[in-house]
There are 2 protein chains.
Amino acid sequence: MAYLLRTAGRAHPVLARSIARPASRIAPIALSRQYASAAASAVAADNGEQAFFPDEPTTPIVKTPIPGPKSKDAIERLGKVFDTRSLNMMVDYGRSYGNYIADLDGNVLLDVYAQIASIPVGYNNPTLQLAATSPEMASAIINRPALGNFPQHDWADILETGILSVAPKGLGQVFTGQSGSDANELAYKAAFMWKRQQQRGGYDVDFTEHEISSSMNNQAPGAPALSILSFKSGFHGRLFGSLSTTRSKPIHKLDIPAFDWPQAPFPSLKYPLDQFSAENAAEEQRCLDEAEHLITSWHLPPAAAIIEPIQSEGGDNHASASYFNKLRELCKKHNILFIVDEVQTGVGATGKFWAHEHWGLQTPPDMVTFSKKAQTAGYYYGNNELRPNKPYRQFNTWMGDPARAILFRAIIQEINRLDLVRNTATTGTYLYDGLQSLAEQYPNEIQNLRGKGQGTFIAWDSPRRDAVLKSAKGVGINVGGSGERAVRLRPMLVFQKQHADILLERLEKIFKS
Amino acid sequence: MAYLLRTAGRAHPVLARSIARPASRIAPIALSRQYASAAASAVAADNGEQAFFPDEPTTPIVKTPIPGPKSKDAIERLGKVFDTRSLNMMVDYGRSYGNYIADLDGNVLLDVYAQIASIPVGYNNPTLQLAATSPEMASAIINRPALGNFPQHDWADILETGILSVAPKGLGQVFTGQSGSDANELAYKAAFMWKRQQQRGGYDVDFTEHEISSSMNNQAPGAPALSILSFKSGFHGRLFGSLSTTRSKPIHKLDIPAFDWPQAPFPSLKYPLDQFSAENAAEEQRCLDEAEHLITSWHLPPAAAIIEPIQSEGGDNHASASYFNKLRELCKKHNILFIVDEVQTGVGATGKFWAHEHWGLQTPPDMVTFSKKAQTAGYYYGNNELRPNKPYRQFNTWMGDPARAILFRAIIQEINRLDLVRNTATTGTYLYDGLQSLAEQYPNEIQNLRGKGQGTFIAWDSPRRDAVLKSAKGVGINVGGSGERAVRLRPMLVFQKQHADILLERLEKIFKS
């Protein structure tokens, strides 16, 4: 950790800058130099730990109710042309920094929601700023290639030094996309093509005339009677195929036609885990049995099963490593693909780079999908037969975005430079222990605390969840929920013990009120 | 046209630069200044027209067969980690400029394919370079917001001065997305929600318990038995919902499960149009009758019809303004939405900003989708009831990308500055006339020439289409096909008469060989 940033004793540079002159008038190169020139050593945070963002605010600032008057005006204006009914906070990103998010009224909140778990290494991160102002980024922005037809000469290099440098074990190839939903649908398409080639008799067997003609009418056998198995409360996106596998909430699904695909139960574990080990093992076995039943009997046979390591929208539901190992073997036994959706769990938040590393699988997943903190998207795979057997079968105009792939490479460099996966593991343990103490003190406020040993990917149930989320803003914390009752923590990878202390203290303030 | 670029008598700056030192070492600001400082006046092209890119090569350069030795090595390397079987050309974007695309072996081709019709204003366009190196772009890259929850304070401004400044008449609101497929699926979702609210009795009527519970099982009524009507040979994307409306080619559809949605015939016109007006009018009426039959009788009633102004992947198929007017009225009569897919036709290529402006509709479309040359994506709409009646119904993590919205704003500025929509109209007429002459001379090579009065959006059928596309590279032209037999021209908006002359001359060379 040789290179850390400091400007000890000076004002928070982004805030100061924003006040002095409009953000749009500052040359990015000059800004980056400002950070780079201050890189010699690190300041210590209160608890003795090196701070990744020494210039962060030391505490949240709450000046007005949120939204304040300026935000209200801006929301009203935006509402005329863009749907604002899901708006949570109108943000001034120029004044946001590190773990802190700023609004238009001078409020600066500790952000443990991080754009729905998608900001990895802090707002206005200087390393990313350098990548974003590089000539190769500018070229990627203005000369966007149709990657499948006209890739840029250094695309292999960008992949190898970026996306593929963190490929899960055994999965050395990638198909790039643009969002988590997109990544999952691309994986489903690969799964269907793979399964149909098997049914057809092998990778090189050609289509029949009947398949060709029926496909154009959306009928079997060309449009096959197959499915993807997913799990109750799972979330895999909101496009038509991915939404058919999403089982999180009715508001996500209502009024949208869906494929008649099967859903298996996801284990419903009892907490604390050590007090319910027998019950939980039985519950997991029940769920595995039901999954096997659906795999062997559903009227549209599954080509693949897709599952999240932690159900991240549907309530922060966990299962044991043993469950996932058995599910993986079940897929192998019945010759269907095992897809792990790491869109929300991936890229370091759980104390491993990929959450499924916690399982110690004998056979790797067939595909692992990613997005969010990667700031790009796609699926990893290893088996060559998951490349469709002809060109243009898995294809679209852009097939990803080199600009975002370059950004992910910078994110990976920052994660490595600051050892951030280890940070989420150690900070996560510290935070979990603090929450455990709070739970003992406020048992009605923190129920079913979960995520032990899973980095900062921690959640608990609250009987008054929505009120807690709302109160949090008033004490300077931006936090989200998942499912119907869970408070979910999704801090960035640069969330440290000093931030955990603030979070714990503010939570207690809410519980006391 | 006050500001044009010139460095008359000097070497092509991008080429010279690339040779002198690696592209990655050049500061973008300096580069932009180089362009900006040379902006006083314009040089004239050979035909007396002002050249938008005076420093472009004056002619294609073909040094090796394509792919040449360096490209072959690079393709082999990329092939280990990324599917390269649809690869057309390995590109050096640092050496590409204006209408010219460069490879790794010193070949520089006139590009009339333009990344599958998605590059609008030339490679390494200086105006876009400025936008790409601006501080607001850097912030948009590194602080990517979840737009539905945490929009940036200037999002309304970015929309109003960019995407919405070119909104089709009557459609003053936008929902942003990330690709053409995504845009169409978002429009379908809006259509389904709208239709179900009507069936439910109005915009504010709530869901029933039965709808809520059945939606979670992918069953009606929660997952409704509704459809989207599309047209034979249409292309609307390759995600599961959009692919169900795509009817272009079997290779796009084979092995992917699809919804049992209806397809109406698309008029099959005979050329030249003025010789077959009675037959073509009858054909269009036949297609309208069949569409009406499907709308009123299909077992899954359509909530909307989607159509391209010109079927751009399925063979460059055109229909008359009269046909589209009648189709629009048909949708209104039967209370289904009329969605115009302008993903490929939009943003100036047809001599209007939006191709459907050619129709002179009495009632605007309900939604217009866009992507490609916009370098971002989404759908425009006007009716407030196309905003779903509750928050979080039309929602996803990113909901678009401010970085790409900022780029589209710069593209719009460049289109306005250089009057590029007018340019495609006038250059298109010039090019069409030249092709008409060639067709008379080589009637076996150019058949069913189409796109008259549609800017540079021109195509023809060729009995040896694939051989023509391949030969074109050898004479310095990068061109693509559509459907089974069409050669499609998709030059950028900065394609001028001097480029048309080169294209016509090289085509004749192919036809003679």
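**Notebook: strands first, then the A/B interface**

Started with a small pairing: β2(A) and strand β12 (residues 477-478) of chain A run parallel and are joined by 2 bridges. I looked up who faces whom there, and A:Leu110 stands opposite A:Ile477 in β12(A). Note to self: this is a predicted model, so everything below is read from a prediction.

Next I checked what else β2 pairs with. Strand β1 (residues 100-102) of chain A runs antiparallel to strand β2 (residues 108-111) of chain A, with 3 bridges between them. On that side, A:Ala102 sits opposite A:Val108 in β2(A). β1(A) and β2(A) make a hairpin with 5 residues between the strands. Which residue there takes a positive phi? I found A:Gly106, with phi near 90 degrees.

**The seven-strand sheet**

I then traced the open sheet of chain A: 7 strands, in the order β3-β9-β8-β7-β6-β4-β5, with mixed pairing. Its edge strands are β3 (173-177) and β5 (263-264) of chain A, each pairing on one side only. I picked one pair of strands to look at: strand β6 (residues 302-307) and strand β7 (residues 337-341) of chain A run parallel, joined by 4 bridges. For a register marker I noted A:Ile306, whose bridge partner in β7(A) is A:Ile339.

**How the two chains relate**

I superposed chain A on chain B: a rotation of 180 degrees does it, with 0.0 Å of shift along the axis and an RMSD of 0.0 Å. That is the relation of a two-fold axis. I also checked whether the copies use the same surface, and they do: 100% of the contact residues of chain A recur in chain B.

**What the interface is made of**

How many residues of chain A are in contact with chain B? I get 130, in contact with 130 residues of chain B. The area buried between the two chains is about 11400 Å², and carbon and sulfur atoms give 59% of it.

For the polar side, I logged 12 salt bridges across the interface of chain A and chain B. One I looked at is B:Asp255 with A:Arg200, where the closest N and O atoms are 2.6 Å apart. I also have 73 residue pairs in polar contact across the interface, both residues at pLDDT 80 or more.

Which element of chain A gives the most to the side that touches chain B? Helix α8 (residues 180-200), with 9 residues. By residue class, that side of chain A divides into 65 nonpolar, 39 polar and 26 charged.

Methods: Residues are numbered from 1 along each chain as its sequence is written. Chains are lettered from A and ligands numbered from 1 in the order in which they are written. This is a predicted model: local features need pLDDT of at least 70, side-chain atom pairs count only at pLDDT 80 or more; totals for chains, interfaces and linings use all residues. Side-chain values use heavy atoms; hydrogens and water are left out. Copies are superposed by least squares on the C-alpha atoms of residues with pLDDT of at least 70 in both. Contact means heavy atoms within 4.5 Å. Buried area is the accessible area (1.4 Å probe) that two parts lose on being put together, summed over both. A salt bridge is a side-chain nitrogen of Lys or Arg within 4 Å of a carboxyl oxygen of Asp or Glu. A polar contact is a pair of N or O atoms within 3.5 Å; within protein, one must be able to donate a hydrogen and the other to accept it, and residues adjacent in sequence count only if both atoms are side-chain atoms. Ala, Val, Leu, Ile, Met, Phe, Trp, Tyr, Cys and Pro count as nonpolar, Asp, Glu, Lys and Arg as charged, and the others, Gly among them, as polar. Two strands pair if DSSP finds at least two bridges between them.
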